[in-house]
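This briefing goes through one chain by topic. Please have the sequence and the 3D view open while reading.

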Amino acid sequence: MVNLGLSRVDDAVAAKHPGLGEYAACQSKAFVKGLFTFVTVAGSVASYWVTRVESQKCSNLWLFLEARQLPTDTGTDQHS
(Lines give C-alpha, C1' and ligand atoms only; values in the text may rest on other atoms or scores of the structure.)
Protein backbone atom coordinates (compact mmCIF):
# COMPACT_ATOMS: atom_id res chain seq x y z
CA MET A 1 0.00 0.00 0.00
CA VAL A 2 1.09 3.52 -0.78
CA ASN A 3 0.15 6.38 1.54
CA LEU A 4 -1.52 9.31 -0.16
CA GLY A 5 -2.27 11.89 2.46
CA LEU A 6 -4.49 10.17 5.00
CA SER A 7 -5.64 7.53 2.51
CA ARG A 8 -3.90 4.41 1.37
CA VAL A 9 -3.67 3.53 -2.30
CA ASP A 10 -3.23 0.01 -3.56
CA ASP A 11 0.19 -0.72 -5.08
CA ALA A 12 -1.41 -1.76 -8.37
CA VAL A 13 -3.11 1.62 -8.71
CA ALA A 14 0.07 3.47 -7.78
CA ALA A 15 2.02 1.45 -10.35
CA LYS A 16 -0.46 2.41 -13.09
CA HIS A 17 -0.12 6.08 -12.16
CA PRO A 18 3.53 6.80 -11.34
CA GLY A 19 2.86 10.55 -10.95
CA LEU A 20 0.24 10.05 -8.26
CA GLY A 21 2.54 10.95 -5.39
CA GLU A 22 3.80 14.06 -7.14
CA TYR A 23 0.23 15.14 -7.89
CA ALA A 24 -0.84 14.58 -4.28
CA ALA A 25 2.12 16.64 -3.04
CA CYS A 26 1.17 19.41 -5.45
CA GLN A 27 -2.45 19.42 -4.25
CA SER A 28 -1.34 19.49 -0.61
CA LYS A 29 0.90 22.45 -1.35
CA ALA A 30 -1.98 24.22 -3.14
CA PHE A 31 -4.30 23.80 -0.15
CA VAL A 32 -1.61 24.96 2.28
CA LYS A 33 -1.02 28.06 0.15
CA GLY A 34 -4.76 28.75 0.17
CA LEU A 35 -4.97 28.28 3.91
CA PHE A 36 -1.93 30.51 4.45
CA THR A 37 -3.53 33.18 2.26
CA PHE A 38 -6.75 32.96 4.26
CA VAL A 39 -4.91 33.34 7.58
CA THR A 40 -2.57 36.15 6.53
CA VAL A 41 -4.81 38.11 4.18
CA ALA A 42 -8.01 37.23 6.07
CA GLY A 43 -10.03 36.97 2.92
CA SER A 44 -11.92 33.97 1.70
CA VAL A 45 -12.08 35.29 -1.87
CA ALA A 46 -8.30 35.67 -2.06
CA SER A 47 -7.84 32.28 -0.44
CA TYR A 48 -10.24 30.66 -2.91
CA TRP A 49 -8.50 32.28 -5.87
CA VAL A 50 -5.03 31.14 -4.74
CA THR A 51 -6.27 27.61 -4.11
CA ARG A 52 -8.05 27.48 -7.47
CA VAL A 53 -5.03 28.71 -9.44
CA GLU A 54 -2.63 26.38 -7.64
CA SER A 55 -5.02 23.43 -8.01
CA GLN A 56 -5.27 24.11 -11.74
CA LYS A 57 -1.48 23.93 -11.94
CA CYS A 58 -1.68 20.54 -10.24
CA SER A 59 -4.33 19.39 -12.69
CA ASN A 60 -2.09 20.44 -15.56
CA LEU A 61 0.78 18.56 -13.95
CA TRP A 62 -1.39 15.45 -13.64
CA LEU A 63 -2.40 15.64 -17.30
CA PHE A 64 1.23 16.02 -18.29
CA LEU A 65 2.33 13.11 -16.12
CA GLU A 66 -0.41 10.84 -17.49
CA ALA A 67 -0.48 11.87 -21.15
CA ARG A 68 3.00 13.37 -21.55
CA GLN A 69 1.53 16.43 -23.18
CA LEU A 70 0.61 19.82 -21.84
CA PRO A 71 -3.08 20.75 -21.86
CA THR A 72 -4.35 23.56 -24.05
CA ASP A 73 -5.28 26.93 -22.58
CA THR A 74 -7.24 26.40 -19.36
CA GLY A 75 -8.18 30.01 -18.69
CA THR A 76 -6.11 30.46 -15.52
CA ASP A 77 -4.04 33.29 -16.93
CA GLN A 78 -2.78 35.12 -13.87
CA HIS A 79 -2.43 38.41 -15.76
CA SER A 80 -6.12 38.93 -16.40
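Leaving aside its neighbours within four places in sequence, which residues is Ser-55 in contact with? The answer is Gln-27, Ala-30 and Phe-31. The model discussed here is a predicted one. The chain has three helices and two strands, and their order along the sequence is β-β-α-α-α.

**Overall features**

- The chain has 80 residues, of which 24% count as buried.
- About 5,900 Å² of the chain is exposed, and 60% of that area is supplied by carbon and sulfur atoms.
- Among contacts with a separation of 6 or more, 38% are between residues 24 or more positions apart.

**Helix H2**

- Helix H2 covers residues 20–41.
- From first C-alpha to last, the 22 residues of H2 reach 31 Å, close to the 32 Å expected at 1.5 Å a residue.
- Leu-20, Ala-24, Gln-27, Ala-30, Gly-34 and Thr-37 are buried in H2.
- These buried residues lie on the same side of H2, because they cover an arc of only 150° around the axis.
- Exposed residues on the other side of H2 are Lys-29, Val-32, Phe-36 and Val-39.
- After H2 comes Ala-42, which has a positive phi, near 60°.

**Helix H3 and its packing**

- Helix H3 covers residues 44–67.
- H3 has 24 residues and spans 34 Å between its first and last C-alpha, close to the 34 Å expected at 1.5 Å a residue.
- The buried residues in H3 are Ser-47, Val-50, Thr-51, Val-53, Glu-54, Ser-55, Cys-58, Asn-60 and Leu-65.
- This buried set of H3 packs against H2.
- Ser-55 belongs to helix H3 and is buried, at 15% relative accessibility.
- Two of the contact partners of Ser-55, Gln-27 and Ala-30, are among the buried residues of H2.
- Arg-68 follows H3 and has a positive phi, near 60°.

**The disulfide**

- There is one disulfide in the structure.
- The disulfide joins Cys-26 and Cys-58, with 2.0 Å between the sulfur atoms.
- Because Cys-26 is in helix H2 and Cys-58 is in helix H3, the pair ties together parts that are 32 residues apart in sequence.
- The link of Cys-26 and Cys-58 is left-handed, with -90° about the S-S bond.
- Cys-58 is buried, at 1% relative accessibility.
- Leaving aside neighbours within four places in sequence, Cys-26 is in contact with Leu-61 as well as with Cys-58.
- Cys-26 and Leu-61 are 35 residues apart along the chain, and their C-alpha atoms are separated by 8.5 Å.

**Salt bridges**

- Side chains of opposite charge can pair when their charged atoms come close.
- Searching the whole structure gives two salt bridges.
- One of the salt bridges is between the side chains of Lys-33 and Glu-54, at 3.4 Å from N to O.
- Lys-33 is in helix H2 and Glu-54 is in helix H3, so this pair ties together parts that are 21 residues apart in sequence.
- Glu-54 is buried, with a relative accessible area of 14%, whereas Lys-33 is partly exposed, with a relative accessible area of 33%.
- A salt bridge also links the side chains of Glu-54 and Lys-57, at 3.1 Å from N to O.
- Both Glu-54 and Lys-57 are in helix H3, three residues apart, which is about one turn of the helix.
- An α-helix has 3.6 residues a turn, so residues three or four places apart point the same way.
- Lys-57 is partly exposed, at 40% relative accessibility.
- Lys-33, Glu-54 and Lys-57 are joined into one network by salt bridges that share partners.

**Links between H2 and H3**

- Three items above connect these helices: the disulfide of Cys-26 and Cys-58, the salt bridge of Lys-33 and Glu-54, and the packing of the buried residues of H3 against H2.

Terms used: Residues are numbered from 1 along each chain as its sequence is written. This is a predicted model: local features need pLDDT of at least 70, side-chain atom pairs count only at pLDDT 80 or more; totals for chains, interfaces and linings use all residues. Side-chain values use heavy atoms; hydrogens and water are left out. A salt bridge is a side-chain nitrogen of Lys or Arg within 4 Å of a carboxyl oxygen of Asp or Glu. Helices (H or I, at least four residues) and strands (E, at least two) are DSSP runs, numbered from the N terminus. Buried means under 20% relative accessible area, exposed over 50%, partly exposed in between (1.4 Å probe, protein chains only). Contact means heavy atoms within 4.5 Å. Accessible areas come from the Shrake-Rupley method with a 1.4 Å probe; for residues, only the protein chains shown count as cover. A disulfide is a pair of cysteine sulfur atoms within 2.5 Å. The expected span of a helix is 1.5 Å times one less than its number of residues. The arc is that of the directions from the helix axis to the C-beta atoms.
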